[in-house]
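Me: Could you walk me through this one? I'd like to start with a side chain and work outwards.

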Amino acid sequence: MALSGRLNVTLDELLGGEVTPDYRIGRRHGLADTRRGSVLPLLDDAEAGLRAYLISMPRSATVEAPFAHKGTELVGVVNGLVQVLLGSGRPVLRRGETLLASRRGIDGWRNVGDADAQCICPLAQR
């Protein structure tokens with residue numbers, strides 16, 4: 001039996017659950033239709049001082065950062081093999097690995113793997 005059935009709620013009710021004002025859900029529908037080679041805002045809350053983006057890259061694609069460095073940046077690879085383009089190097093990250101950029105920004109990302117790649121980039125805004 002599905003979790004929603006055991007809880008006696010619909011799947012929509014389960015996924016749309018209420019949260020207190022201390023939390024915010026950045027839910028996106030239709031991510032499968034996301035244009036490849038794009039940067040998609042997942043959560044953009046200037047009041048909270050945090051923004052999160054999904055970077056999708058087809059094989060061999062390079063995506064430039066569409067924003068200027070304004071604070072600490074973090075890249076987390078969701079899937080694939082991603083080269084992070086920095087002013088001081090070009091590290092390659094695999095699924096589950098992260099890179100923190102605290103002094104200088106990230107210039108972009110390059111998919112160096114054999115399949116599509118995605119990474120998440122939350123940005124703290126100062």
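Me: Ok, first up, is Arg 94 buried or exposed?

Reply: This is a predicted model, and in it Arg 94 is exposed, with a relative accessible area of 52%.

Me: And what does the side chain of Arg 94 meet in a salt bridge?

Reply: The side chain of Arg 94 meets that of Glu 97 in a salt bridge, with 3.1 Å from N to O. Glu 97 counts as partly exposed, at 27% relative accessibility.

Me: How many salt bridges does the structure hold?

Reply: The structure holds 1 salt bridge, and Arg 94 and Glu 97 are the residues whose side chains meet in a salt bridge at 3.1 Å.

Me: Let's go to the sheet, then. What is the order of the strands in the open sheet of 4?

Reply: The order is E3-E8-E5-E6, and the pairing is antiparallel. Strand E3, residues 62–64, and strand E6, residues 92–94, stand at the edges with a single partner strand each, so one side of each has no neighbour in the sheet. From one strand to the next, the twist averages 25°.

Me: How many bridges join E5 to E8?

Reply: Strand E5, residues 81–86, and strand E8, residues 106–111, run antiparallel and are joined by 5 bridges. Taking one residue as an example, Gln 83 has Arg 110 in E8 as its bridge partner.

Me: Stepping back, how many helices and strands are there in the protein?

Reply: The protein has 2 helices and 9 strands, and from the N terminus on, the elements run α-α-β-β-β-β-β-β-β-β-β.

Me: What share of the residues counts as buried, and what is the accessible surface?

Reply: Of the 126 residues, 33% count as buried, while the accessible surface comes to about 8200 Å², with 49% of it belonging to carbon and sulfur atoms. As for contacts with a separation of 6 or more, 57% of them are accounted for by residues 24 or more positions apart.

Me: Different topic: what is phi of Ser 60?

Reply: Phi of Ser 60 is near 70°, which is a positive value in a residue other than glycine. Ser 60 lies in the loop between strand E2, residues 50–57, and E3, and counts as exposed at 57% relative accessibility.

Me: How many disulfides does a search of the whole structure find?

Reply: The search finds 0 disulfides. For background, a disulfide is a covalent bond between the sulfur atoms of two cysteines.

Me: Why is there no bond between Cys 119 and Cys 121?

Reply: The closest cysteine sulfur to that of Cys 119 is in Cys 121, but the distance is 7.0 Å, so the two are too far apart for a bond. A disulfide would need the sulfur atoms to be within 2.5 Å.

Me: Are those two cysteines buried or exposed?

Reply: Cys 119 is buried, with a relative accessible area of 0%, and Cys 121 counts as buried at 0% relative accessibility.

Me: Last one, what does Thr 98 touch?

Reply: Not counting residues up to four places away in sequence, Thr 98 touches Leu 74, Val 75, Gly 76 and Leu 93. Thr 98 lies in strand E7, residues 98–101, and counts as exposed at 52% relative accessibility.

Me: How far is the C-alpha of Thr 98 from that of Ile 120?

Reply: The C-alpha atoms of Thr 98 and Ile 120 are separated by 9.4 Å, and the residues are 22 apart along the chain.

Terms used: Residues are numbered from 1 along each chain as its sequence is written. This is a predicted model: local features need pLDDT of at least 70, side-chain atom pairs count only at pLDDT 80 or more; totals for chains, interfaces and linings use all residues. Side-chain values use heavy atoms; hydrogens and water are left out. Two strands pair if DSSP finds at least two bridges between them. Axes are lines fitted to C-alpha atoms, for helices over the stretch in contact, and angles run from 0 to 180 degrees between N-to-C directions. A salt bridge is a side-chain nitrogen of Lys or Arg within 4 Å of a carboxyl oxygen of Asp or Glu. Buried means under 20% relative accessible area, exposed over 50%, partly exposed in between (1.4 Å probe, protein chains only). Contact means heavy atoms within 4.5 Å. Accessible areas come from the Shrake-Rupley method with a 1.4 Å probe; for residues, only the protein chains shown count as cover.
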